[in-house]
Amino acid sequence: MNLDVSRGGLLVGLAVFGVIVYELRTVVGFVGIDLPIVPYLAGVFVLAGVAIWLLVVNGGWQTEPSSKKSS
Amino acid sequence: MHIHAYEKLWLAAAIALILLLIGSVTYGAVGPGVAMVTDSENQIDAGGLDEDERFSEPRVEQVGENHYEAYVVAYQFAFEPSPIVVPEDSQVTLYVTSRDVVHGFEVVGTNANTMVVPGEVAQISFEVDEPGEYGVVCNEYCGAAHHTMEGKLHVVSQSEFENRGEDA
Amino acid sequence: MSEALSAEQTFADKFPNEAKVVRAAFLGSFFALFLGAVFGIIQTLHRTGIFRGFIASTDYYTVLTAHGVFMVLSFTIFFLVGLFTWAVTRSLDRPLVNIKITWTWYGLMAAGMTMAGFSILAGFTNAIPVSADVLYTFYAPLQAHPLYYAGLTVFVVGTWLAGADWFRTYLAWKRDNRGERIPLQTFMVLTTMIMWYIATTAIAASILLFLLPWSLGLIPSVNPTLTRTLFWFFGHPVVYFWLMPAYLLWYTVLPSIAGGRLFSDPLARVVFVLFVLLSTPVGIHHQYLDPGIAEGFKFISMTNTMFLLLPSLLTAFTVVASVEYGARRRGGTGLFGWLRALPWRDPAFTGMMLAGLMFAAGGFSGMVNAGMNINYMIHNTLWVPGHFHLTVGTAVGLTFMAATYWLWPQITNKPIYSLQIGLFQVVLWFIGMALMSNAMHAQGMLGVPRRTAEPEYSGFDYPAAFGGFEELNLQIAIGGTLLFLSTVLFLGNIVLTMGNPKVSGIAESIRPALSGPTDAPQVLDNLRVWVSIALVLVVLAYALPLAAIISDGGLLGPGVGTYPVWLDGTVHALAETATTAGWMLVDSLTVLGAHVADTLSGVAP
């Protein structure tokens, strides 16, 4: 897998991913399973940390503007 | 006009979704008998509720074997009667009107929900089974103390219902 | 390549007069956003019980009226008129016909909003006998001071004049360009304004025939069901008035920012035509629970509303397709890998993409609202604000903020102070809104009412699902605080940008669509056809319900009271008010004059 992501892309990706996982708790609550919020949110942050660690291990993210910018 | 193949697919799926939604709502209205609030009642004089046969004395009345009617008046900032007491395992029809401004009437945690408009009478029907206590809120802004406006709906056992008049 | 860029003119270079108008409109919009945000944070902390020290609960409704009016009438519509002025001028590549008329309508809008705003804010103090604690929906028989209704009328007249200005400019262009298709951005502006004219006829009628005379004491009462129905005749298309500028940005600007081109111009036209046709004959879906309206009319409104999903779903396809095209042009590959090739560091791009994503969620909760019977579960609960903070709050609000990062340099020749803060701000908005709106939806399902200062009641507890009432309150408060912070960052960024020096060479252009206007059937540009069909649909949807309401309750209502009475009596009271207002004006001018004299004498050597 080519992990070529920019810093901005990483930020957005984490935000979207975090929101989706957080909302999953509401969906699960809808079918009757109530998950306690503090451990759940801690878990979300841990998962985000794992994602960042995986990226770092696989070469990190770009901080320079992409040279492919065309007009 | 050239329409991409994926776009045609998407368009078809979108229309299918729309028809499905319309169909499900129609089924709900026609099938399980989820009735809407409608203009089934005549106009009423909001300033003259004291002369009205039903609303001068807000109360619960038995009109059939298991059918009860309640006449409810909403005003700034309460509901009358409160609590509305009905017996278990019965069918209840509420007639709700307002003395002054527009209010809301919702039995919290259920879909018994209606607007209460002065000059109009709202009619909603539902079934109650086990005894319990429900809150009623006014969910339409009606003035500075709107957040204090609440009522109760009590579903009680048949014997409690018959004896309720004695404590009044 | 850089020589070509520096030779290119920005909008401010080519059309300096119009650029001034756009700037003024945006500044008015952001001022309203600021006020609305301040009230928003007060509300969110008060309602959730975190901090109730700013205001008394009885004043909550003044705050709520201000938040509603400033956010969805002032912030959105001032931004719209700025954006549309830019779009018309740019796409027709010519200045507006008469810039004096342009400033006139701007002045009317500003004056109207000031009048209405004053009448709302005066409600905080008893010293001024004016208030408008009636909320943005102003349902009779709750009554506001006549200044409120008059202010809103002047504001709307300003927007009417704005539309006429753009139509005139288009017609002047058409004379010089016979046989050419209407440029897409102008087409979008014209169709949006057609929808607005149709929509505002009802609210104008409601205010001018009923509410304003009633508040002046000229008529004794109004028919609440009639005025509600006239409001919602307007109240649903107004959300498309907010949304269509966002769509204009997603269709015409976002693809170019993504490095691509709009997938299909004709389909964009189809979408806007569908909005002209379908936006108005659906208002009764806001009145599913009204006792004065027959079920049949509600059912018709429901089916029309469901069809309104179509243009939004089509937009989703076209926007994603256009952005994907841009990503692949930038070198992106793979089934989903192309997402990585997009300019996520650009706050204009990211903001609009996050807004579009959130709009999808808002669309789903909207489907629940539209479902006539399932609506009963959530009507007037906090679910509804949860829904509309996703749609107008994010799809529209966040898109406007994101677009500003791209557009502001074009109209001022000043680069944004900090694009990094901009990126942080848009992502913070997304997170804050997700937290707040999710919790609002959940509370709505518990039955927690909307528009209430203290949602705890003494007689009962809410069901303990979704984490429970208190936990959801905390999420709403945190989400709302993040949103407030995000707004402060946005406004601060713009203020600091205004202090930047002007530069050259920052012109951005918009690439033409892949499938251009000439691919569109000619009939799409035939505005007369669409107006006629729209009017027929509106008559079909509303003639019978309105006739029924009027015949049942009468034009002036079945004898309903007035709460509170502002001006009782007629011309005498009117004269009294005018005299009092006149003396207040003289007093304030005296005070102002004295202050100026003091300052001048203090400064003089």
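The exercises below work through chain contacts, one sheet and some backbone features of a predicted model.

Residues are numbered from 1 along each chain as its sequence is written, and chains are lettered from A and ligands numbered from 1 in the order in which they are written. Local features need pLDDT of at least 70, side-chain atom pairs count only at pLDDT 80 or more, and totals for chains, interfaces and linings use all residues, while side-chain values use heavy atoms, with hydrogens and water left out.

**Exercise 1.** Determine which pair of chains has the most contacts, where contact means heavy atoms within 4.5 Å.

Solution.
- Step 1: Chain A and chain B have no contact, and their closest C-alpha atoms are 14 Å apart.
- Step 2: Between chain C and chain A, 24 residues of chain C touch 26 residues of chain A.
- Step 3: For chain B and chain C, the contact involves 61 residues from chain B and 68 residues from chain C.
- Step 4: Of the two pairs of chains that touch, B and C have the most contacts.

**Exercise 2.** Describe the interface of chain B and chain C.

Solution.
- Step 1: About 5500 Å² is buried between these chains, with 68% from carbon and sulfur atoms; buried area is the accessible area (1.4 Å probe) that two parts lose on being put together, summed over both.
- Step 2: One salt bridge crosses the interface, the term meaning a side-chain nitrogen of Lys or Arg within 4 Å of a carboxyl oxygen of Asp or Glu. B:E140 and C:R451 form a salt bridge through their side chains (3.6 Å, N to O).
- Step 3: On the chain B side, α1 (5-30), β7, β9 (132-137) and β10 each supply at least two residues. Helices (H or I, at least four residues) and strands (E, at least two) are DSSP runs, numbered from the N terminus.
- Step 4: α1(B) gives the most to this side, 15 residues.

**Exercise 3.** Describe the interface of chain C and chain A in the same terms.

Solution.
- Step 1: The two chains bury about 2200 Å², 59% of it on carbon and sulfur atoms.
- Step 2: The salt bridge count is one. Side chains of A:R25 and C:E471 make a salt bridge (2.7 Å, N to O).
- Step 3: On the chain C side, α14 (347-370), α17 (419-446) and α18 (469-498) give two or more residues.
- Step 4: α17(C) gives the most, with eight residues.

**Exercise 4.** Lay out the five-stranded sheet of chain B.

Solution.
- Step 1: The sheet is open, with mixed pairing and the order β4-β10-β9-β6-β7; two strands pair if DSSP finds at least two bridges between them.
- Step 2: β4 (84-87) and β7 (113-116) of chain B are the edge strands, each pairing on one side only.
- Step 3: β4(B) runs parallel to β10 (residues 150-156) of chain B, joined to β10 by four bridges. B:P87 has B:V156 as its bridge partner in β10(B).

**Exercise 5.** Locate the cis peptide bonds and positive phi values listed here, given that most residues other than glycine have a negative phi and most peptide bonds are trans.

Solution.
- Step 1: B:Q76 and B:F77 are joined by a cis bond, omega about 5°; B:F77 is in the loop between β2 (67-75) and β3 (78-80) of chain B.
- Step 2: B:E80 and B:P81 are also joined by a cis bond, omega about 0°, and B:P81 sits in the loop between β3 and β4 of chain B.
- Step 3: B:D89, not a glycine, has a positive phi of about 50° and lies in the loop between β4 and β5 (90-98) of chain B.
- Step 4: C:L135, not a glycine, has a positive phi of about 70°; C:L135 is in the loop between α5 (99-121) and α6 (146-176) of chain C.

Methods
Contact = heavy atoms within 4.5 Å.
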